[in-house]
Amino acid sequence: MNNKAITCKDLTKRFGDFFAVNHISFEVEQGEIFGFLGANGAGKTTAMRMLCGLSYPSSGEATVAGFNVFKQQEEIKKNIGYMSQKFSLYESLTVRENIRFYGGVYGLSDKQLKEKGDELIEKLGMQQEAKMMVGSLPLGWKQKLAFSVAIIHQPRIVFLDEPTGGVDPVTRRQFWDLIYDAAEQGITVFVTTHYMDEAEYCNRISIMVDGRIDALDTPANLRQQFGATSMNEVFYALARSAKRSAD
Amino acid sequence: MRTLRLLLEKEFRQIFRDKGLLPIIFVMPMMQLLIMPLAANFDVKNINLAVVDRDHSTYTQQMISKIASSGYFHVTGYYTDYTPAQQQIEREKADIILEIPAHFEVDLVKENKAAVYVAADAINGTKAGLGSAYLNTILADFNNEIRMKWLPEAAPGPGTIEVTSSNWFNPNMNYRLYMVPGILVLLVTMVGGFIAALNIVKEKEIGTIEQINVTPVKKWQFILGKLIPFWVIGMVDFSLGLLLARFVYGIIPLGSLLLLYGFLAVYLVALLGFGLLISTYSDNQLQAMFVAFFFIMIFMLMSGLFVSVDNMPEWAKIIAKLTPVTHFIDVMRMVVLKGSRFADIKMQLLYELAFALVLNGWAIWNYRKTA
């Protein structure tokens, strides 16, 4: 066991001749908010899927929560939370039932489920909606709920794949409050996003271009390094060099 | 165990909240069981017969009235010439032409032999074949009557062999008795096969399967969580069908219910394994639907429900044997009509066990949490 949340060395995913992820190396500290940026098609989701144990790497090394991504996927899965681009709670179950199902699957007892569930519902202000079908909630609420459910078992790391896509600015702000809360509890947050203002909220960010990591530092250092006034400019400077067309 | 319970809880909630799925599971099969056996009747009746009578004699009159009174034929017209009768066939007003040549009676009396000519419209093969056969029997019968009349003290000669047959296990040749158990098997198969095939794919489409795949839920837990609810539904559907068969068609299984349910239990595992297997290979519900439809079509046609497996060519018999439905229809008919016992259906049970193991093993193997 090491106490890095994620370590990654020359991690690669190849589909034939195509390097979706090309020898990426980085480390993420426990409790850090790590922004994983890149244009569409740069390889972010593929890299994240490997780290979550959803996909086998072609080569390289990586550990998540101290477990090997080649052999110990099931151990990794016990220690992480995951929220994908697609909304992944069950729409025909109520808020409560979703909490019960996902929490229970991670081994929470009935008593813990009750406590955590109450706490979560109160925090999100969803007392009225607790017995509503998740399918009938507005998108922003669904996303906040999905995030809260993804960390209900207090994982060491939570992976968020574009969690705020299509969400209004106010809700996005609230969403980031939830992320900060989680980080304060010691949960490492690994997040991909296309919103540069959100990138500024991260402790450190990496920017992927064509399957490689071209930049990795704190937002302030990156701005300085690229002589830019905002993360937007940094991103443009890097993304413009991409040869791969988006999607 | 707790994970499995949670999965089952979720699955049952989802099924019972799906307002579109419930009627498909419970109402539709029962409606079909009420309607289909009434139509699936293999008795050929109401064969339209066009008569070309060129003789117009007493004998031809007797012969035609004997045919008409048999109950199988409906005489649509009398003609003196072949052409209008043929037109009747072409217009699909008649199925069979019976042509009686001129001098039929004279030939019969003087020469002691006469011929009639039967032409059948073979587009509807069953009707043509059975119709001609019925007609032959009636004519042979008629022939005998005449001979008896002429030769009351029949000269000792080569006797004719008379065949008397009785139909065991279904003395009145009641088609419903034969079809209802088979149709019930098909309905259970359709419902079970389709919902199982569509289910995992649906989770793939929505994206929830990915969420499940990042949790510590085990493969076998997930598959069992899918199998058990549909297995229960299959059992309930079958029971409803049996009740309906009893109260609507008066069909009460002669054999042991326990044996029937025991076989059903294994059969459902095999069938659902088949559905889940399709599910793991398909990317979306449309794909799964078409693949499932293709196979269920084969199941229906090769299962021996409509065509006896014994009449099939060797290669088709092999396909029929490799179809899980075949064995269950077989067992249903044996247990319901004959009262067969465990020893009689051992082979079929072995087949189903093999199907259950292979299909489910394959489905679990092909479902990957990590791709």
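**Entry 1: loops and backbone angles**

Before anything else, I note that strands here are DSSP runs of E of at least two residues, numbered from the N terminus. With that in hand, I looked up A:A65, which sits in the loop between β4 (59-64) and β5 (67-68) of chain A. I should also say at once that this is a predicted model.

What caught my eye at A:A65 is a phi near 55°, a positive value in a residue other than glycine. Is A:A65 buried or exposed? Its relative accessibility is 0%, so A:A65 counts as buried.

I then turned to A:D210, in the loop between β9 (204-209) and β10 (212-217) of chain A. A:D210 is not a glycine, and yet its phi is positive, at about 50°. I read 13% relative accessibility for A:D210; the limit for buried is under 20%, so A:D210 counts as buried.

**Entry 2: a lysine at 0%**

Next I went to A:K77, in helix α2 (residues 73-79) of chain A. Its relative accessibility is 0%, so this lysine counts as buried. What does the side chain of A:K77 reach at 3.2 Å? I found the backbone oxygen of A:G53 at that distance. On the chain B side, the backbone oxygen of B:N213 is 3.0 Å from a polar atom of the A:K77 side chain.

I also listed the contacts of A:K77, leaving out residues up to four places away in sequence. In chain A they are A:C52, A:G53 and A:Y106. In chain B they are B:N213, B:V214, B:T215, B:P216, B:K369 and B:T370.

**Entry 3: helix α1 of chain B**

I checked the length of helix α1 (residues 2-17) of chain B. At 1.5 Å a residue, its 16 residues should span 22 Å, and I find the end C-alpha atoms 23 Å apart, which agrees.

Which residues of α1(B) are buried? My list reads B:T3, B:L4, B:L6, B:L7, B:L8, B:K10, B:E11, B:Q14 and B:I15. An α-helix has 3.6 residues a turn, so residues three or four places apart point the same way. I kept that in mind while reading the list. The cover over these buried residues includes α3 (95-105) of chain A, along with α2 (21-39), α7 (175-206) and α9 (219-248) of chain B.

**Entry 4: salt bridges**

How many salt bridges are there over all chains? I get 31. I followed three of them.

The first on my list joins A:K142 and A:E91, with the closest N and O atoms 3.2 Å apart. A:K142 belongs to helix α5 (residues 139-150) of chain A and A:E91 to the loop between β6 (80-83) and α3 of chain A, so the bridge ties together parts 51 residues apart in sequence. A:K142 is buried at 12% relative accessible area, while A:E91 is partly exposed at 36%.

Then I took B:E9 and A:R100, whose side chains meet at 2.7 Å, N to O. This pair crosses between chains, from helix α1 of chain B to helix α3 of chain A. B:E9 is partly exposed, with 22% relative accessibility, and A:R100 is partly exposed at 23%.

My third pick was B:D81 with B:R54, at 3.6 Å between the closest N and O atoms. B:D81 is in the loop between β2 (73-79) and α4 (82-90) of chain B and B:R54 in the loop between β1 (47-53) and α3 (58-68) of chain B, so parts 27 residues apart in sequence are tied together. Both partners are partly exposed, B:D81 at 36% and B:R54 at 32%.

I also found that salt bridges with shared partners join A:E97, A:R100, A:D110, B:R2, B:E9, B:R13 and B:R17 into one network.

**Entry 5: cores and domains**

In soluble globular proteins, nonpolar side chains tend to be buried together. So I looked up the cores here. The largest nonpolar core has 125 residues, and A:L145, A:F147, A:L160, A:I207 and B:F238 touch the most other members. For A:F147, neighbours within four places aside, I noted contacts with A:M83, A:V158, A:L160, A:F175, A:L178, A:I179 and A:A182. Apart from that core lies another, of 31 residues, including A:V21, A:V64, A:M208 and B:V214.

Last, I looked at how chain B is divided: domain 1 covers 2-40 + 173-366 and domain 2 covers 47-150. I noted 48 Å between the C-alpha centres of these domains of chain B.

Methods
Residues numbered from 1 in each chain as written. Chains lettered and ligands numbered in written order. Predicted model: local features only at pLDDT ≥ 70, side-chain atom pairs only at ≥ 80, totals over all residues. Heavy atoms only, no water. Helix = DSSP H or I, 4+ residues; strand = E, 2+ residues; numbered from the N terminus. Expected span 1.5 Å × (residues − 1). Buried < 20%, exposed > 50% of the residue type's maximum accessible area, 1.4 Å probe, protein only. Contact = heavy atoms within 4.5 Å. Salt bridge = Lys/Arg side-chain N within 4 Å of Asp/Glu carboxyl O. Domains from an automatic or database assignment. Core = buried A, V, L, I, M, F, W, Y, C linked by side-chain atoms within 4.5 Å. Polar contact = N/O pair within 3.5 Å; in protein donor to acceptor, adjacent residues only side chain to side chain.
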